[in-house]
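Trainee: Could you take me through one part of this protein in close detail? I would like to look at the aromatic rings and then at the pockets.

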Amino acid sequence: MSIEKVKAFFREIGREGDVLEFPVSSATVELAAQAVGVIPARIAKTLSFRRGDSCMLIVTAGDARIDNRKFKAEFGFKANMPSPEEVLEQTGHAVGGVCPFAIENDLVETFLDISLRRFDTVFPAAGSSNSAIELTCDELFEYARAVKWVDVCKDWEGAEK
C-alpha cells in the first residue's frame, strides 16, 4: 500500500508520526482542505506530466493552475498528463494520493512551483486519498528531493494567504 511506503519513508527521518490520516477523503484540493482545516491554496497538489518514457511531478499550491506557455518555456515540451494507470505505474501512488515521497521510479523528477512559497507550511498528500503531512516549503523541497523551484503556474498571484 502506498501510504505504508510513505510512512516508512518518513519513519527513516523521524517524521512518521506527522503523517495525518483522515476518516474522510482528501483526494481533491477541496476535500483535503476540509479534512485538514485550511484554505485550499495551502494544499500542495502533486501533478504528473509525461516526460519521455517516464513522468515528472510538479507540486503546486492548491489554487494554482499550470500555465501551458510557462510550462513549455521551462521544460521545452508541451504539458501532457499521463493516465491514472501510468501515474500509478511510474510513481507507485494512485491519483488522489500522489505525492513526491517514496517514488518507485528513480527517473521521476520532482519540481516545486513558486506558488507554494507564500505559505509557511503546506499539506501534500502522503500516499493515499485520505492522508497528508504538514511541511515547510524547505522540508518539502528536501523530502521530495526536488530538482528546483519553477514558475509554471497561473491564477494564484494576489490570492488569499
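Mentor: Happy to; here is a walk through the aromatic rings, followed by the pockets. This is a predicted model, in which local features need pLDDT of at least 70 and side-chain atom pairs count only at pLDDT 80 or more, while totals for chains, interfaces and linings use all residues. Residues are numbered from 1 along each chain as its sequence is written, and side-chain values use heavy atoms, with hydrogens and water left out.

Let's start with the rings. Rings of Phe, Tyr and Trp (its six-membered ring) pair if their centres lie within 6.5 Å; planes under 30 degrees apart count as stacked, over 60 as edge-to-face and the rest as tilted. By this rule the count comes to 10 aromatic pairs. One of them joins Phe49 and Phe71, a tilted pair with 5.0 Å centre to centre and 50° between the planes. Phe49 lies in strand S2 (residues 43-51) and Phe71 in helix H3 (residues 68-75), so the pair ties together parts that are 22 residues apart in sequence. Helices (H or I, at least four residues) and strands (E, at least two) are DSSP runs, numbered from the N terminus. Phe49 is buried, with a relative accessible area of 3%, and Phe71 is buried too, at 0%. Here buried means under 20% relative accessible area, exposed over 50%, and partly exposed in between (1.4 Å probe, protein chains only). Phe49 and Phe71 also belong to one aromatic cluster with Phe75, Phe77 and Phe111.

The rings of Phe141 and Trp149 have their centres 6.1 Å apart and their planes at 15°, so this pair is stacked. Phe141 is partly exposed, with a relative accessible area of 25%. The charged end of Arg117 sits over the ring of Trp149, 4.3 Å from its centre; the rule asks for NZ of Lys or CZ of Arg within 6 Å of the ring centre and within 35 degrees of the ring normal.

Now for the pockets. On a 1 Å grid over the protein atoms alone, a pocket is an open set of points where a 1.4 Å probe fits, with protein on both sides within 12 Å along at least five of seven lines; lining residues have an atom within 4 Å of a point. The largest pocket is lined by 25 residues, and Ala27, Lys45, Thr46, Gly96 and Val98 lie nearest its centre. S2 supplies the largest share of this lining, six residues. For the second largest pocket, 13 residues form the lining, with Pro100, Ile103, Val108, Ala144 and Arg145 closest to its centre.
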